[in-house]
Structures are given as structure tokens and as C-alpha cells.
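Let's take a walk through this model together, from its helices out to its surface. Keep the sequence at hand as you read.

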Amino acid sequence: LHLMKTGALVKQGDVVVEFDPSEQLYNLEQSRSQLEEAEQQIKKMKADQAVRVAQERVTLLKAQFDVKRAELKVKGNDLLSGIEARKNTINLEEARRRLEQLQRDIQSRANSDAADLAVQNVARTKATIGMNLAQQFIDNMTIRAPIGGIVVLGQNIEALISASGSISISS
């Protein structure tokens, strides 16, 4: 975009060379968009998990209540016929199995939720790094004079090498 001519006077901090940052600006916006999307996904995931945890608490309380009710019925087995007493015992065993299975399922979903959240955090970190990198590239596309003086445009290194293979550099 900008290149000072040889012999131009510059002060410290003046722009000497400026490259087109449009591709890096695009990358920056792309990374910013990915970051916002990852943050929204994290918010949605946390909200969904909170709703599911609340539902699981209710289901768990109901299962615990079912076990207590079955235990109370089993306590009255002495007063019931053998068939009714056996039904109560079977109902108690079934309620306990359902409660244990529900507790395992809840723990499994909690582990899965933590893993899903970790994946989204990685996506957010990746987008943040992409943004920082694009911004660094943009910043590096403007070269400023480190000190005041006169601009001298040099040749590339191949042009400085003479036929004999030596390098000639003049001050």
C-alpha cells in the first residue's frame, strides 16, 4: 500500500512500508466470528445442562421416594399373604435397581457434559489464538522507522552477490 522512496527523510516512528492487510483482516473477522459462535455454544450447552440436571434431580427424588415407599410396604409383609409379601419384596428390589441405574446414568451424563464443554472450550481457545495471530500479522504489515534518517531501499541478497561469489555491502 505504501513504500517510501529512496532518499526520503523520515523521523522515528514514520511509516516506511505498509502491506495490504485485507486478507488478515478477513482472517481476524473469521476468527472473531468463530469465537462468538463458540461462546454462544458454551452458553447454550451450560443452559441445556442446567435444565437436564434439574430434571434429573426431580427424577432422582422420585426414584428415592419409590424406594422408601417400597421399603415401607415390605415392613408390613408380616401382615400380608405370601404372594403379596413377595410382590412387595420384588417391587423393592426393582425400585432399588432403577435408583442405582438412574444414579449411574446421571454420573455418565455429567461426565459426557464435561467432555462436551471441554471440546467447546478448545474451539473458543482456537478462535482466540486465531484472532491474536491475525492481529499480530496485521500489526507486522506496517513497518516504521526505528530511528530518524534517510530511506535507502536495498537490493535482495542475490543481487548483492557478485560473480566471484563474494558479497558487497556498502554503508
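The paragraphs below cover the core, two helix residues, the sheet and a surface patch.

This is a predicted model, in which local features need pLDDT of at least 70 and side-chain atom pairs count only at pLDDT 80 or more, while totals for chains, interfaces and linings use all residues. Residues are numbered from 1 along each chain as its sequence is written, and side-chain values use heavy atoms, with hydrogens and water left out.

Let's begin inside. The largest nonpolar core (buried Ala, Val, Leu, Ile, Met, Phe, Trp, Tyr and Cys residues joined through side-chain atoms within 4.5 Å) has eight residues: Ala-63, Val-67, Ala-70, Leu-92, Ala-95, Leu-99, Leu-102 and Ile-106. Two or more residues each come from helix H1 (22-75) and helix H2 (82-140); helices (H or I, at least four residues) and strands (E, at least two) are DSSP runs, numbered from the N terminus. H2 provides the largest share of this core, five residues. Look at Leu-99: setting aside neighbours within four places in sequence, Leu-99 is in contact (heavy atoms within 4.5 Å) with Leu-60, Ala-63, Gln-64 and Val-67.

Now turn to Ser-31, which is found in helix H1. Is Ser-31 buried or exposed? Ser-31 is buried, because its relative accessible area is 9%, and buried means under 20%, exposed over 50%, and partly exposed in between (1.4 Å probe, protein chains only). Apart from neighbours within four places in sequence, Ser-31 has contacts with Ala-127, Gly-130 and Met-131. In helix H2 you will find Leu-133, which counts as partly exposed because its relative accessibility is 41%. Leu-133 and Leu-28 are 105 residues apart in sequence, yet 8.2 Å apart in space, C-alpha to C-alpha.

Next comes the sheet. Three strands form an open, antiparallel sheet in the order E1-E3-E4. Strand E1 (2-3) and strand E4 (142-144) stand at the edges with a single partner strand each, so one side of each has no neighbour in the sheet. Strands pair if DSSP finds at least two bridges between them; strand E3 (residues 15-18) and E4 pair in the antiparallel sense over three. Glu-18 stands opposite Thr-142 in E4.

Finally, visit the surface. Leu-9 lies in strand E2 (residues 9-10) and is exposed, because its relative accessible area is 70%.
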